[in-house]
Amino acid sequence: MGESITDGTLANFLKKPGDRVEADEPIAQIETDKVTIDVVSPVAGVITKLLANEGDTVEPGIKVAAISKSGEGAPIASSSEKAVSQTPPPSKEAPKTETTPIKEAKKESSPPPPKSKGLPPPPKPTEPQLPPKDRERRVPMTRLRKRVATRLKDSQNTFALLTTFNEVDMTNLMGLRSEYKDAFFEKHGVKLGLMSGFVKAAISALQYQPVVNAVIDGDDIIYRDYVDISIAVGTPKSRFSATLKE
């Protein structure tokens, strides 16, 4: 490891006891604050035992596995496993099949029409909805993800943030608004704006990319399996006061 790295987390083993490895072949991966490092075998042989567990914090020089050059001490298959491996293969005789008319076979073998892939249908009003807290998943962060989160927050606190703008084709949304704006105004008494289209686009984006809707809480990432959007609106004070009184 580098001089600034004093320890790491044993992410996963690439080999298990009984596997044969060659010299310089990766057998495990160590995850640090900056990079994931492969632990390679110094010699060719058979792994006899794992001396550490996945998720343990390890330091340079700690032994994580034992390797036998001669292959002694490797796990041996039990007698039942040997009996299974020595069982003769089944006969290759062709099974008897019943003949059916060609027309019926075509009907039965025809695949079902493919389903169109799109956004999941919105829940019906009658379906019970779980509270937001019951639709959250807490996943522990890796060491690398922790360091990235720390650096991003430090960057936000010490540097000026910039905003990027992307152009979007609004032709369909503008046409939809022009078609229904008069009927909408007659029914509700307010003009049909573009905010509803923006909200629908935001919901669709969050459904396709749920990581954008996640937050960091301590050492965990909370993925929210729901969308909660709040919109600030301006209303006349008289109407707003009347609403509060009601």
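**Figure 1. I37 is a partly exposed residue of strand β4.** In this predicted model, I37 has a relative accessible area of 25%, so it counts as partly exposed. Strand β4 is the place to look for I37, and the residue standing opposite I37 is I30. Follow the chain back to G8 and you have moved 29 residues along the sequence, yet the C-alpha atoms of I37 and G8 are separated by 9.2 Å.

**Figure 2. T36 sits in strand β4, beside I37.** T36 has a relative accessibility of 37%, and it therefore counts as partly exposed. Which residues does T36 touch, leaving aside its neighbours within four places in sequence? The contacts are with Q29, I30 and E31. A further landmark is R143: this residue and T36 are 107 residues apart along the chain, while 9.7 Å separates their C-alpha atoms.

**Figure 3. Four strands build an open sheet with antiparallel pairing.** Reading across the sheet, the order is β4-β3-β1-β6. Which strands stand at the edges? They are β4, residues 36-40, and β6, residues 57-58; each has a single partner strand, so one side of each is left without a neighbour in the sheet. Now step through the pairs, beginning at β4. Strand β3, which covers residues 26-31, runs antiparallel to β4 and is joined to it by five bridges. In this pair, I30 stands opposite I37. Four bridges then link β3 with β1, again in the antiparallel sense. Here T9 has E31 of β3 as its bridge partner. At the other end, β1, made of residues 8-13, runs antiparallel to β6, with two bridges between these strands. T9 appears once more, standing opposite T57 in β6.

**Figure 4. R143 of helix α3 is a buried residue.** Helix α3 spans residues 143-158, and R143 lies within it. Is R143 buried or exposed? Its relative accessibility is 17%, so R143 counts as buried. The side chains of R143 and D7 are joined by a polar contact of 2.9 Å. Not counting residues up to four places away in sequence, R143 touches D7, G8, T9, E31, T32, D33 and T57. Some of these names will be familiar from the sheet in the previous figure: T9 stands opposite T57, and E31 is the bridge partner of T9.

**Figure 5. A second open sheet is made of three strands.** The order is β2-β5-β7, and the pairing is antiparallel. The edge positions belong to β2, residues 20-21, and β7; each of these has a single partner strand, so one side of each is left without a neighbour in the sheet. Between β2 and β5, the latter covering residues 45-50, there are two bridges in the antiparallel sense. To find your way in this pair, look for V21, which stands opposite G45 in β5.

**Figure 6. D24 has a positive phi although it is not a glycine.** Most residues other than glycine have a negative phi. What is the phi of D24? The value is about 65 degrees. D24 belongs to the loop between β2 and β3. With a relative accessibility of 59%, D24 counts as exposed.

**Figure 7. The second largest pocket has a volume of about 340 Å³.** There are 16 residues lining this pocket, and those closest to its centre are V39, G61, I62, K63 and V64. Which strands each supply at least two residues of the lining? These are β3, β4 and β7, the last of them covering residues 65-68. The largest share, three residues, comes from β4. By residue type, the lining of the second largest pocket divides into 13 nonpolar, one polar and two charged residues.

**Figure 8. The whole protein holds six helices and ten strands.** This view sets the close-ups in their surroundings. The protein has 246 residues, and buried residues make up 14% of them; R143 counts among the buried ones because its relative accessibility is 17%. Taking contacts between residues at least 6 apart in sequence, 56% join residues at least 24 apart.

Notes:
Residues numbered from 1 in each chain as written. Predicted model: local features only at pLDDT ≥ 70, side-chain atom pairs only at ≥ 80, totals over all residues. Heavy atoms only, no water. Buried < 20%, exposed > 50% of the residue type's maximum accessible area, 1.4 Å probe, protein only. Polar contact = N/O pair within 3.5 Å; in protein donor to acceptor, adjacent residues only side chain to side chain. Contact = heavy atoms within 4.5 Å. Pairing = 2+ DSSP bridges. 1 Å grid on protein atoms, 1.4 Å probe; cavity = no way out; pocket = protein on both sides within 12 Å on 5 of 7 lines; lining within 4 Å. Points joined across faces, edges and corners; volume = space filled by probe spheres on them. Nonpolar A, V, L, I, M, F, W, Y, C, P; charged D, E, K, R; others polar.
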